[in-house]
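Dear colleague,

I am handing over the structure we spoke about, with the sequence alongside it. Please have it open while you read, as the notes below follow it from the cysteines outward to the rest of the fold.

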Amino acid sequence: MVAGTREKILEVGKREFLAKGFKDASLRHIVKEAGFTQGAFYGYYPDKAALFDALVSPAADGLIEQFKAAQKAHFDLVDEGRAAESGSLSTAYLRRFVGYLYDNFDAFKLIICCSGGTRYEHFVHDLVELELEQTARFYEEVAAQGGPENRISPELQHMITSAYFTAVFETVAHDMPRERALSYIEELAAFFTCGWEGLLGARE
């Protein structure tokens with residue numbers, strides 16, 4: 001019974017958040033729709049934010065773990081003297097990321113479109129900052145091993161990285177079908193790869 005109660009609250013909460021966003025979602029309506037008292041709700045979650053967190057945190061944490069694994073794989077390339085393969089590795093991991101987004105579509109729909117007022121409101125921005133931090137380390141290690149230095153300004157790198165991450169998550173924001181999204185990110189990867197290669201070549 002306890003498990004069923006929790007699942008009912010999560011189910012109704014997800015519908016409410018998807019329909020109205022976190023800020024406008026009504027805890028009173030969630031409780032009423034779920035068929036429980038507000039006191040019963042508080043036996044599971046201390047507030048509306050905790051309910052939202054329960055709906056999205058497993059998927060969000062999983063994506064962060066995948067992201068960190070991808071970064072480690074890039075640093076492994078440097079250690080192996082294969083930094084030139086970084087672009088193709090990025091595309092391979094992008095395919096995995098998008099597949100993961102669609103395996104957890106509702107959670108990421110909540111994060112991207114409905115999380116204003118929660119700690120997930122700046123999720124994409126936080127990913128961008130993490131990417132920029134790791135990219136700076138990557139180029140430092142490449143340069144230390146005799147490879148080219150990164151001569152792109154931090155401002156430009158931030159703008160391009162932000163545009164890239166935003167474009168990836170647009171698949172979820174616009175409810176793009178999975179197969180179309182997988183095709184779209186191949187085009188997106190090709191576009192950004194060519195752009196980076198052209199920009200880096202122009203700066204050498």
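I begin with the cysteines, keeping in mind that this is a predicted model. The sulfur of Cys 113 lies 5.6 Å from the closest cysteine sulfur, which belongs to Cys 114, and because a disulfide needs the two sulfur atoms within 2.5 Å, this is too far for a bond. Cys 114 is likewise in no disulfide, its nearest cysteine sulfur being that of Cys 113 at 5.6 Å, and by this rule the count comes to 0 disulfides. As to their surroundings, Cys 113 is partly exposed, with a relative accessible area of 39%, whereas Cys 114 is buried, with a relative accessible area of 7%.

Next, the overall fold. The secondary structure comes to 9 helices and 0 strands, and the C-alpha atoms fill a box of roughly 65 × 30 × 30 Å when taken along the principal axes. Of the 204 residues in the protein, 41% are buried. If one takes the contacts between residues at least 6 apart in sequence, 75% of them join residues that are at least 24 apart.

The interior comes next. The largest nonpolar core has 59 residues, and those with the most contacts inside it are Phe 17, Leu 63, Phe 108, Phe 123 and Phe 169. At least two residues of this core are supplied by each of α1 (2–24), α2 (27–34), α4 (48–79), α5 (86–103), α6 (105–114), α7 (123–144), α8 (154–173) and α9 (178–203), with α4 giving the most, at 11 residues. What does Phe 123 touch, leaving aside its neighbours within four places in sequence? Phe 123 is in contact with Ala 60, Leu 63, Ile 64, Phe 108, Ile 111 and Phe 169, and three of the residues named above for their contacts inside the core, Leu 63, Phe 108 and Phe 169, are therefore among its partners.

Helix α6 deserves a separate look. This helix is mostly covered, since 7 of its 10 residues are buried, and the buried ones are Phe 105, Ala 107, Phe 108, Lys 109, Leu 110, Ile 111 and Cys 114.

Two residues of α8 can be read against that helix. Thr 171 is found in α8 and is buried, with a relative accessible area of 0%; not counting residues up to four places away in sequence, Thr 171 touches Leu 101, Tyr 102, Phe 105, Met 176, Ala 181, Tyr 184 and Ile 185. Ala 173 also has its place in α8, but Ala 173 is partly exposed, with a relative accessible area of 21%. With the same exclusion of residues up to four places away, Ala 173 touches Lys 109, Ile 112 and Cys 113, while Ala 173 and Asp 47, which are 126 residues apart in sequence, are 26 Å apart in space, C-alpha to C-alpha.

Towards the other end of the sequence, Val 31 lies in helix α2 and counts as buried, at 5% relative accessibility. Not counting residues up to four places away in sequence, Val 31 touches Phe 36, Thr 37, Gln 38 and Phe 41. Val 31 and Val 12 are 19 residues apart in sequence and 8.3 Å apart in space, C-alpha to C-alpha.

Lastly, there is a pocket to report. The second largest pocket has a volume of about 170 Å³, and its lining is made up of Glu 7, Leu 10, Glu 11, Lys 14, Leu 55, Pro 58, Ala 59, Asn 104, Asp 106, Ala 107 and Leu 110. The elements that give two or more residues to this lining are α1, α4 and α6, and the largest share, 4 residues, comes from α1. By class, the lining of this pocket has 6 nonpolar, 1 polar and 4 charged residues. Ala 107 and Leu 110, which are among the lining residues, are also among the buried residues of α6.

With best regards

Terms used
Residues numbered from 1 in each chain as written. Predicted model: local features only at pLDDT ≥ 70, side-chain atom pairs only at ≥ 80, totals over all residues. Heavy atoms only, no water. Core = buried A, V, L, I, M, F, W, Y, C linked by side-chain atoms within 4.5 Å. Buried < 20%, exposed > 50% of the residue type's maximum accessible area, 1.4 Å probe, protein only. Contact = heavy atoms within 4.5 Å. 1 Å grid on protein atoms, 1.4 Å probe; cavity = no way out; pocket = protein on both sides within 12 Å on 5 of 7 lines; lining within 4 Å. Points joined across faces, edges and corners; volume = space filled by probe spheres on them. Nonpolar A, V, L, I, M, F, W, Y, C, P; charged D, E, K, R; others polar.
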